[in-house]
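Grab the model and work through these exercises with it open. Each one sets a task and then walks through a solution.

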Amino acid sequence: MTSVALPLPRRTVLADALVGHRSLIKDVLLVAAGITVVAALAQAEIPMWPVPVTGQTLGVMLVAASLGFRRGVAAMVGYLALGVAGAPIFAGFTGGLLAVGKPSFGFIIGFIATAAVVGWLAERRWDRRPLLAIALFGLASLIPFAFGIPYMAAVLAAMGTPVGIAGALQLGFVPFIVGGIVKWALAAAIMPAAWAGARRIDRSID
């Protein structure tokens, strides 16, 4: 089976710089790799109630920046779909339809929006320069909360444990501030450094 070669896109992201001209097979493999990275970092977990602290957000940011808008979103949609279908790829090696009813599931929905924003801006080179990378991943760190906190509050209310706005922030945001800053800093450091490495490799080949 031969792959269908696609032209290298004008808005190249890190994956394209590393693997060369795009093909359908390469895109599928990159999306699968992105799902694997997020699934692996999901297991870097500090159990908490009602939402655990995990490495997922860092994985989402790095994957989306590396793959770009379409493949980044595809990876996060695939991650959600496989997990709901029963693959043990959510935090704690969990998965299945019952995950939809967990307070943490809204954050997984938010990963799709995060991937869209990060991938779109990465295609416009925001991940290559330190100052823009700081802005990009700072914004990206907040997006999952816009989905996760209301979803968590709704699930807790349905379970008979209403928390209100202040309670939702206390449970779904405050415990994640330190970890979020660490993941923000790591992503903002890793991507410009990866680009610098890719440019050095390219110059050495030339």
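**Exercise 1. Decide whether F93 is buried or exposed, and say what its backbone is doing.**

Start with the side of the cut-off. This is a predicted model, and in it F93 has a relative accessibility of 60%. Exposed means over 50%, so F93 counts as exposed. Next, place the residue: F93 sits in the loop between α4 and α5. Last, check phi, which is near 55° for F93, a positive value in a residue other than glycine. To put that in context, most residues other than glycine have a negative phi.

**Exercise 2. Stay in that loop and work out which residues G95 touches.**

G95 also belongs to the loop between α4 and α5. With a relative accessibility of 37%, G95 counts as partly exposed, because that class lies between 20% and 50%. Now set aside the neighbours within four places in sequence: G95 is then in contact with G83, G86, A87, P88 and F90. For a distance, try A85, which is 10 residues from G95 in sequence and 7.2 Å from it in space, C-alpha to C-alpha.

**Exercise 3. Describe helix α4, its span, its buried residues and what covers them.**

Count first: α4 runs over residues 69-85, which is 17 residues. From first C-alpha to last, α4 reaches 24 Å, close to the 24 Å expected at 1.5 Å a residue. Then pick out the buried positions in α4, which are R71, G72, V73, A75, M76, G78, Y79, L80, G83 and V84. The cover over those buried residues includes α1 (14-19), β2 (22-23), α2 (24-42), α3 and α5. Finally, step off the end of the helix: α4 is followed by G86, with a positive phi near 120°.

**Exercise 4. Find the cis peptide bond that leads into P50, then look at the phi of R125.**

The bond to check runs from W49 to P50, and with omega near 5° it is cis. P50 lies in the loop between β3 (45-46) and β4. As a reminder, most peptide bonds are trans.

Now jump to R125, in the loop between α5 and α6. Its phi is near 75°, again a positive value in a residue other than glycine. R125 has 42% relative accessibility, so it counts as partly exposed.

**Exercise 5. Characterise the largest pocket: its volume and its lining.**

Begin with the volume, about 430 Å³. The lining of the largest pocket has 26 residues, and the closest to the pocket centre are V51, P52, T54, Q56 and F107. Elements giving two or more residues to that lining are β4 (53-54), α3 (56-67), α5 (105-122), α6 (130-158) and α8 (177-205). The largest share, four residues, comes from α5. By type, the lining splits into 15 nonpolar, eight polar and three charged residues.

**Exercise 6. Zoom out: what pattern does the chain follow, and how compact is it?**

The chain has eight helices and four strands. Along the sequence they read β-α-β-α-β-β-α-α-α-α-α-α. The radius of gyration is 18 Å, close to the 17 Å from the globule rule for 206 residues, so the chain is as compact as a globular protein of that length. Its C-alpha atoms fill a box of roughly 65 × 40 × 25 Å along the principal axes. Buried residues make up 45% of the 206 residues. To finish, take the contacts with a separation of 6 or more: 65% of them join residues 24 or more positions apart.

Methods: Residues numbered from 1 in each chain as written. Predicted model: local features only at pLDDT ≥ 70, side-chain atom pairs only at ≥ 80, totals over all residues. Heavy atoms only, no water. 1 Å grid on protein atoms, 1.4 Å probe; cavity = no way out; pocket = protein on both sides within 12 Å on 5 of 7 lines; lining within 4 Å. Points joined across faces, edges and corners; volume = space filled by probe spheres on them. Nonpolar A, V, L, I, M, F, W, Y, C, P; charged D, E, K, R; others polar. Expected span 1.5 Å × (residues − 1). Buried < 20%, exposed > 50% of the residue type's maximum accessible area, 1.4 Å probe, protein only. Contact = heavy atoms within 4.5 Å. Rg over C-alpha atoms; globule rule 2.2 N^0.38 Å.
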